[in-house]
Amino acid sequence: MAEPVLQLSNLTKTFGALKATDDVSLDLRPGEIHALIGPNGAGKSTLIHQIAGSLKPDTGTIRFLGRDVGALGVPERARIGLGRTFQISSLTPEFSALRNVMLAVQARQGTSFRFFRPVMRDRSLTEPAMAMLERVGLADRATIPAAELSHGERRQLEIAIALALGSKAFLLDEPMAGMDPEGSKTLTGFLDQLRQEAPILLVEHDMDAVFALADRISVLVYGRVIATGSVSEIRNDAEVRRAYLGEEA
Amino acid sequence: MSRETLISLVIVLALLAIPLWATAVGETFYITLATRMAILALAAVGLNIALGLGGLVSFGHAAFFGIGGYAAGILASHAFNMEPLPFGLPGTNAMPVIWATAIVASGLVALAIGAISLRTAGVYFIMITLAFAQMIFYFAISWPAYGGEDGLSIFVRNQFPGVNTLDGLTFFFVCFGLLMAGLLLFSLLRDSRFGAALQAARQNERRLATVGIAPYRIRLAAFVISAMVTGVAGALFADLNRFVSPSMLSWHMSGELIVLIILGGVGRLAGPVAGAMLYVAFEYFLGGITERWQLFLGLLLLAVVLFARGGVVGLLAGKARHG
């Protein structure tokens, strides 16, 4: 079996008496979508924060591409290929959609200390950025400031940014949240393709999307992984049904 | 030409017109007034890089303004008295050398202040920059070698090769030329990759970090560049008044620069120019009528903050466009 791209081992994170992450071990293999599901407050976002580097786990290790990334901050982890989106879209609101993506292109090129050449006339920034907007279907909204985009468009824009970074793994925190059924469907199709580019750790509440997309599912309850397995394994797991899917076993 | 470019051009030409008109009608005092506007505008253009583009509300830019002023005063006094500086370096009255000294000195101090201050944010950043500037202010007061509290006179205005800076109109053009250079620098920075990262740091720090750019280094570089521009303006200000004193370093000065920018338009190219013109005009015309002119300035500032957030430029040119 291929070496996992991302491997979490025995992660623990407590906030006071609350165990937000309780001895979590899971991995993300090349080409797969690994969905992370669980009730509200189960610690899914907290886990994403720890992987991306915005929160530090109390104990445990995070290996990415065979390297322990525990000591790296958010920018360093982004540079080696961890691309994330946020549960609530986080963009530069005054910049147009295109400029939001251009910032990622510039970051990937490592050229932020260039002081004189205007970015809007720089094809090595505008062209790759435009190509990413086309991929997510936002090309005709390129000049609109991010603040004026619709909710769904902002989610697409975040994905375009992660794409532009050339990420080696995607951490997507509820990309379908608040989208209309039509939008979710389009996005589901898009993520289905995206896994060939880089594996996806997908936090999502939309069960239709999760069951349609996931190669594997991990169920998180009270910070603890209670089950990991294929879609059918998880669907038939008695403990999962009790704890999460809300059915009497 | 965009509407903002047009407005900027009109504002700059208006500033240029004042001394030309003053010369034509023989009211040479207004040349001094216009020179003061140009110098304060340049200082504020510097602050506008940190404050407007980077969202860094530095309440300590008087430090750099004053350091530039003392660079001019100290070098000139050594040249005048023919006393060598430490390490046997000669004093000088050549403006290019003085400006270079002002740039290097304010840049180095900004690097130290910024490296510490930028570890904080928001109101803590405001307070810590203020604290550093006040430390330098009190140091200048208690340092007797260069006049201490009484300040230091520059007996003859410093020289620029090939021109007679003693002539008011000529000195205005020197200052105006540097202001244009400052505006050019601001506009290049704003549109560059560096400017993109800096403005992103202001809008959403987390987003910048998530694409892999560490906000701290970007902000530190911006803070240093910003201080350098304000430092040059300080050297010119000392030459305009032929006098430098600790008041250039005081927190009133820092506040004044922030007020100029808010009046003119935060982050806008010509904002500091419009702000400086308005401020100096207020100071002169209302100051002539009442000692309490700052009360009216306060009311004006209140009106701008309440009803015209973008300042004069925002009022005339509408919201900023980022392409």
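Domain bounds here come from an automatic or database domain assignment. Keep in mind, too, that you're looking at a predicted model.

**Stop 1: the two domains of chain A.** Colour residues 1-81 plus 167-249 of chain A as domain 1, and 98-165 as domain 2. Put a marker at the C-alpha centre of each, and you'll find 26 Å between them. Now pick out where they touch: domain 1 of chain A brings eight residues to the contact, and domain 2 of chain A brings seven. Which classes turn up on the domain 1 side? That side has five nonpolar and three polar residues, with no charged ones.

**Stop 2: the hairpin.** Stay in chain A and select β1, residues 6-15, together with β2, residues 18-28. These two run antiparallel and are joined by seven bridges. Zoom in on the end of the hairpin, where two residues sit between the strands. One to click on in that turn is Gly16(A), with a positive phi of about 60°. Right there, Phe15(A) faces Leu18(A) across the pair.

Next, add β4(A), residues 59-64. β4(A) is another antiparallel partner of β1(A), held by five bridges. For a landmark, show Thr12(A), whose bridge partner in β4(A) is Thr59(A).

**Stop 3: the six-stranded sheet.** Still in chain A, bring up the open sheet and walk across it in the order β6-β7-β8-β3-β9-β10. The pairing is mixed. Where are the edges? Look at β6 (82-85) and β10 (224-229) of chain A: each has a single partner strand, so one side of each lacks a neighbour in the sheet. Tilt the view and you can follow the twist, with neighbouring strands turned by 15° against each other on average, direction ignored.

At the β10(A) end, select β9(A), residues 216-221. β9(A) runs antiparallel to β10(A), with five bridges between them. Ser218(A) is a handy residue to label here, as its bridge partner in β10(A) is Thr228(A).

Then swing over to helix α5(A), residues 151-164, which packs on the sheet and touches β6(A) and β7(A) (169-173). The direction of α5(A) makes about 175° with that of β6(A).

**Stop 4: where the chains meet.** Turn on chain B and select the contacts: 23 residues of chain B against 29 of chain A. On the chain B side, α6 (168-191), α7 (193-203), α8 (205-210) and α9 (215-241) each supply at least two residues. Which helix should you highlight for the largest share? That's α7(B), with six residues. Colour this side of chain B by class to finish, and you get 12 nonpolar, seven polar and four charged residues.

Conventions: Residues are numbered from 1 along each chain as its sequence is written. Chains are lettered from A and ligands numbered from 1 in the order in which they are written. This is a predicted model: local features need pLDDT of at least 70, side-chain atom pairs count only at pLDDT 80 or more; totals for chains, interfaces and linings use all residues. Two strands pair if DSSP finds at least two bridges between them. Helices (H or I, at least four residues) and strands (E, at least two) are DSSP runs, numbered from the N terminus. Two residues are in contact if their C-beta atoms, placed from the backbone, lie within 7 Å. Ala, Val, Leu, Ile, Met, Phe, Trp, Tyr, Cys and Pro count as nonpolar, Asp, Glu, Lys and Arg as charged, and the others, Gly among them, as polar. Axes are lines fitted to C-alpha atoms, for helices over the stretch in contact, and angles run from 0 to 180 degrees between N-to-C directions.
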